[in-house]
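Q: I am new to this structure. Please take a close look at a single helix, and then show me what surrounds it.

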Amino acid sequence: MEKLTVVTGVGVPLRRSNVDTDQIIPAVFLKRVTKSGFDDALFYAWRRNPDFVLNQEPYRNGKILVAGPDFGIGSSREHAVWALHDYGFRVVIAPRFADIFYGNTAKNGVLAAIMPMESIELLWKLLEEEPGREMTVDLGERTVTCGDVTLPFEVGDYVRWRLMNGYDDIDLTLRHEDDIVAYEKMRAEKFPFKPTTLPARHLPEEPISSAREPEEDNWLGPLADRDK
Amino acid sequence: MGTTLAEKVWADHLVRKGENAEPDLIYIDLMLMHEVTSPQAFEGLRLAGRKPRHTDLLIATEDHNTPTVNIDQPNPDKTSATQLSTLEKNCKEFGVRLHPLGDADQGIVHQVGPQLGLTQPGMTVVCGDSHTSTHGAFGALAFGIGTSEVEHVMATQCLSLKPFKTMAVNVEGELPEGVTAKDIILAIIAKIGTGGGQGHVIEYRGEAIHKLSMEARMTICNMSIEAGARAGMVSPDEITFEYLKGRPHAPQGEMWDKAVEYWKTLKTDDDAVFDKEVTLRAEDLQPYVTWGTNPGQGLPITANVPDPETITDETKRVAAESAIKYMGLKPGQPIKSIAVDTVFIGSCTNGRIEDLRAAAAIMKGHHKAKSLHRVLVVPASSRVRLQAEKEGLDKIFKDFGAEWRNAGCSMCLGMNPDKMVADERSISTSNRNFEGRQGKGSRTHLASPAVAAATAIRGTISSPADL
């Protein structure tokens, strides 16, 4: 994993709370079997709107996203982090992150930095006053600098250590092979009733009939349109 | 001081206690897999030259991307077909058990685990899907993970995690008639918000919870993630044991007795302290419906769409304004005045046999409203479909004018062809009303199967009491 220590780049103010992972990347883009190439899918619906912040020239090359509370709620899709990363974002700053999203960021070299709402409001103001303004996130110092203002952010010690060193989680866990083996021995003795998926057991096979779509569809379109 | 249910399960899976700032290493008893969040994990293993540590603790099925019609014909969506065939190839190469489309044990992954008896009390269960919290209904510690973690579990059968905080949600008293598990969880999310459970495992407690069936408990635990919680749990009891007994992978004979003895210890001690506690009176609850674009934006069905100007919290006011605009509603409009185009009954939240029975009981003898585009009934699994057909529910749905589909996630997330068009409005028994969740520009109102069925009869949002 690539290391992350200091990031300097254009800050993007995203004045929204509850940015869910369906907004970050809609489900239709999750059919791909690769880990990259998701940059066009990022905020797909919102980017159809010319007023959306990423459609404004100075913010196009954004590297640091500043958003409202409860960022990354909803689906566990890691594609949300891949899309942010592919677009160019290395840091997302928000007052609160959904847990699964938060876990996914650090595994892909993206920093989720936590800041109180007052700091977010201040950053939004600074970034809107001078669109395209660069800011610097220093993970070692745990600070964000924007113009003359330097603000602290919160990040777990372990996440910080892993990001700064670019460590791979699986390698870290495999250092504890002895502990895993010891646990597995204890587990077999203490919990002999725990299920295994193999050999497979199930009720008898039965044929599943295939549903069909109705032949007629007289629907005229959404009610909203009919009312007009 | 005593410990909570979640802490007991954590302790029984502790491989290694983290030192200093390090997380703990915990053992995973079961990982469920599906086509969407696994291909990159298998590829990661392949690139690193690793093999799954325990294929006998993994099981895969196809659900997110599968069509719900014409399953006997080639998939017309080539990208979807590739993703599904990639899962088949990966499972074959790495020796993972797979129940593909067309197999009687195929279905939404969170129905497949419980119905096979693989989800049991006191286990750790993970899946690359946020609604893994469903399995907590059995007193398992079950939570959604990302694709990197899916790879991590395959490689090590462990996860590296900081202990979760604990939260009690007590639902005391007796539920009024017509109020269901879905209404309980929508009311909880409306109360604590989409971030209210962040970092916590919720334990659902109280008289009203322990009277519920396993299906209903699964509905509640399923939406724990919508309150931001890592997981939801219900302490196992006789109802849990009754559900499990005789299922294909449930312990048998002497092992059953041994298991039950252990399962009975899985209770929060009387003197245990939760980090957070919330209490609701069941008597105060009504059928709930969402009006906005996150699951916390819900109200009793008799309420009106809120007027943002009366909301003092700035963040909430801005969110309400934007939601009302997206949803095409008017502030102050009665929720019951909202007309829908589509009714969706299904998903890992409410696609189980009990949900289908509840909907069929209301639809029986009626026909769908003329104004409706369609009523989709999608069973959570193929076994649920077979069961419903044995009970004749399919006939009730068809006579009603509904479409009786094959099992899968379907319109819950708009990944397969079951999608809405822009401005199309649904009442949906699923779990998320995010912008465009059910198709680009679509508008979703979340509700229980009973409310969805009543709405299908009248065309406007209704409860069975309105019929």
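A: Here is the helix, followed by its chain and the partner chain.

The model is predicted: local features need pLDDT of at least 70, side-chain atom pairs count only at pLDDT 80 or more, and totals for chains, interfaces and linings use all residues. Residues are numbered from 1 along each chain as its sequence is written, while chains are lettered from A and ligands numbered from 1 in the order in which they are written.

Take helix 4 of chain A, residues 117–129. Helices here are DSSP runs (H or I, at least four residues), strands are E runs of at least two, and both are numbered from the N terminus. Helix 4 of chain A has 13 residues, and at 1.5 Å a residue it should span 18 Å. The expected span is 1.5 Å times one less than the number of residues. The end C-alpha atoms of helix 4 of chain A are 18 Å apart, which agrees.

Which residues of helix 4 of chain A are buried? They are A:Ser119, A:Ile120, A:Leu123 and A:Leu127. Buried means that 20 or more other C-beta atoms, placed from the backbone, lie within 10 Å of the residue's own; exposed means 12 or fewer, and partly exposed is in between. Seen down the axis of helix 4 of chain A, its buried residues fall within an arc of 100°, so they line one face. The arc is that of the directions from the helix axis to the C-beta atoms. An α-helix has 3.6 residues a turn, so residues three or four places apart point the same way.

The face turned away from the buried side of helix 4 of chain A carries exposed A:Glu118, A:Lys125 and A:Glu129. The buried residues pack against strands of chain A, including strand 1 (6–14), strand 2 (62–67) and strand 3 (91–94). Strand 6 (143–146) and strand 7 (149–152) of chain A are also among the packing partners.

Now the rest of chain A. UniProt, in an unreviewed entry, places the feature "domain: Aconitase A/isopropylmalate dehydratase small subunit swivel" at residues 1–112 of chain A. The end C-alpha atoms of residues 1–112 of chain A lie 16 Å apart, and the span is 19% helix and 19% strand.

Finally, the partner chain. The contact takes 66 residues from chain A and 91 residues from chain B. Contact means C-beta atoms, placed from the backbone, within 7 Å. Helix 6 of chain A gives the largest share of chain A's side, five residues.

How values were computed
Contact = placed C-beta atoms within 7 Å. UniProt positions renumbered as here; feature names shortened; annotations may be inferred.
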